[in-house]
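Open the model in your viewer and keep the selection tool at hand. Each stop below tells you what to select and what is there.

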Amino acid sequence: MIDLNGKKALITGASSGFGVDFANILGEVGMDLVLVARRRERLEEVKKSVEEKWGVSVKVISMDLAGFDAASKLYKLVKDDDIEVLINNAGYGIFGHVRDQDAKEVDTMIQLNVVSLAALTNMFLKKMVEKESGYIMNVSSFAGFNPMPLYAAYGAAKSFVMNYTVAIHAELQKTGSKVKVSAFCPGYTNTEFIDVSRQKKSKFVKMAMGESYPAAKEAVEKMLKGKPVSMPRFINKFGAVMMKFMSRKRAALGVYNAIGK
Ligand SMILES: NC(=O)c1ccc[n+]([C@@H]2O[C@H](COP(=O)([O-])OP(=O)(O)OC[C@H]3O[C@@H](n4cnc5c(N)ncnc54)[C@H](OP(=O)(O)O)[C@@H]3O)[C@@H](O)[C@H]2O)c1
């Protein structure tokens, strides 16, 4: 692995799930960390555990990244830290028919999953390009590959994340930059995601569910290798390839049939 010892990483959504795995994976290679999420107590627990296990220094920032101007506020707080790795991981989904969803709640989700992520990527990318060094991972999803009935707004948000990231990857490659950006696209994974999204753990969800740590580890390795996209597990890759050969309409109906039970 590339030597990241003593360098600094910023991880959003680090109070549970993938974010905690990213903190451990980067802590293990000797990176000092800045961890961001809303639940301060949970962040303090992660800080304590990572510092004890890996002997690195961890700073926590408790803030709501869905707020207006949240990305700029966060950037101002860390602009003097030399961030080498940014992982835009904070996010959640809202399960159900769009007609039953609260427009304000959807708006807030898009603010977090799309607007703040795009702004943070933009601001940190500029600095990284200036110093010709750095890595950004944007957490997208299997849901970003196709229309996702019952996760319609979430899936569309994750499509933005994937396409935005892969487009930047091409811009960097074409201009010979050493900065790397990568979209991480997991499928159902055993974190707090399902409960937060209010989806039932149906038979299908249980069957499709993977563990977060190996997926996060693979995503970091792919990011460091400069791969534009990483998708863990055969079941996800198989599903994504299958849907490529279907019309969007058929793919969308197939998703509804699978997750709507
Ligand atoms: N698990 C899956 O099945 C799955 C599949 C595909 C993609 N993903 C993506 O993976 C990423 C991580 O999710 P996870 O699976 O690890 O779920 P998780 O355990 O629910 O973690 C989500 C993280 O995001 C943070 N977060 C949520 N709202 C926030 C806000 N307004 N401001 C700041 N932080 C906020 C949460 O912290 P606080 O609540 O403390 O703020 C938490 O640390 C998300 O982008 C998700 O969409 C997950």
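Start in a loop. Select Asp69, which is found between strand E3 (58–62) and helix H3. This is a predicted model. Check the backbone of Asp69: its phi is positive, about 70 degrees, although the residue is not a glycine. Now count its surroundings. Asp69 has 11 other C-beta atoms within 10 Å, and is therefore exposed.

**Helix H3 against helix H4**

Select residues 70–78 for H3 and residues 103–131 for H4. The two axes come within 8 Å and cross at roughly 35 degrees. The crossing of H3 past H4 is right-handed. Which residues make the contact? On the H3 side, colour Ala70, Ala71, Ser72, Leu74 and Tyr75. On the H4 side, colour Ser116, Ala119, Leu120 and Met123. Recolour by class and you get seven nonpolar residues, two polar and no charged ones.

Stay on H3 and centre on Tyr75, which lies in this helix. Is Tyr75 buried, exposed or partly exposed? It has 17 other C-beta atoms within 10 Å, so it counts as partly exposed. Leaving out residues up to four places away in sequence, Tyr75 touches Leu120 and Met123. Draw a distance from Tyr75 to Ala119. The two are 44 residues apart in sequence, yet 9.4 Å apart in space, C-alpha to C-alpha.

**Helix H1**

Next, select residues 17–28, helix H1. Put a distance between its end C-alpha atoms: they are 17 Å apart. At 1.5 Å a residue, the twelve residues should span 16 Å, so the two values agree.

Now look at what encloses the helix. Nine of the twelve residues of H1 are buried, so the rest of the structure largely encloses it. To see them, select Phe18, Gly19, Val20, Asp21, Phe22, Ala23, Ile25, Leu26 and Gly27. What do these buried residues pack against? Show four strands and two helices in turn: E1 (8–12), E2 (32–37), E4 (83–88) and E5 (135–139), then H2 (40–54) and H8 (212–225). Step past the end of H1 to Gly30, where phi is positive, near 90 degrees.

**The ligand shell**

Keep H1 displayed and add the ligand. How many residues surround the ligand? There are 29, and the closest are Gly13, Gly17, Arg38, Gly91 and Phe193. Which element gives the most to this shell? H1 does, with three residues. Display helix H6 (193–197) too, because H1 and H6 each supply at least two residues of the shell. Colour the shell by class: 13 residues are nonpolar, eleven polar and five charged.

**Two more loops**

Move to Thr175, in the loop between helix H5 (152–174) and strand E6 (180–184). With 9 C-beta neighbours inside 10 Å, Thr175 counts as exposed. Draw a distance to Lys79. The pair is 96 residues apart in sequence and 25 Å apart in space, C-alpha to C-alpha.

Finish at Arg233, found in the loop between strand E7 (229–230) and helix H9 (234–244). What is the sign of phi at Arg233? Phi is positive, about 75 degrees, although Arg233 is not a glycine. Arg233 has 19 other C-beta atoms within 10 Å, which means it is partly exposed.

Key. Residues are numbered from 1 along each chain as its sequence is written. This is a predicted model: local features need pLDDT of at least 70, side-chain atom pairs count only at pLDDT 80 or more; totals for chains, interfaces and linings use all residues. The expected span of a helix is 1.5 Å times one less than its number of residues. A residue is buried if 20 or more other C-beta atoms lie within 10 Å of its own, exposed if 12 or fewer, and partly exposed in between; C-beta atoms are placed from the backbone. Two residues are in contact if their C-beta atoms, placed from the backbone, lie within 7 Å. A residue is near a molecule or strand if its C-beta atom, placed from the backbone, lies within 6 Å of it. Ala, Val, Leu, Ile, Met, Phe, Trp, Tyr, Cys and Pro count as nonpolar, Asp, Glu, Lys and Arg as charged, and the others, Gly among them, as polar. Axes are lines fitted to C-alpha atoms, for helices over the stretch in contact, and angles run from 0 to 180 degrees between N-to-C directions. A crossing is left-handed if the near helix is turned anticlockwise from the far one by less than a right angle, and right-handed if clockwise.
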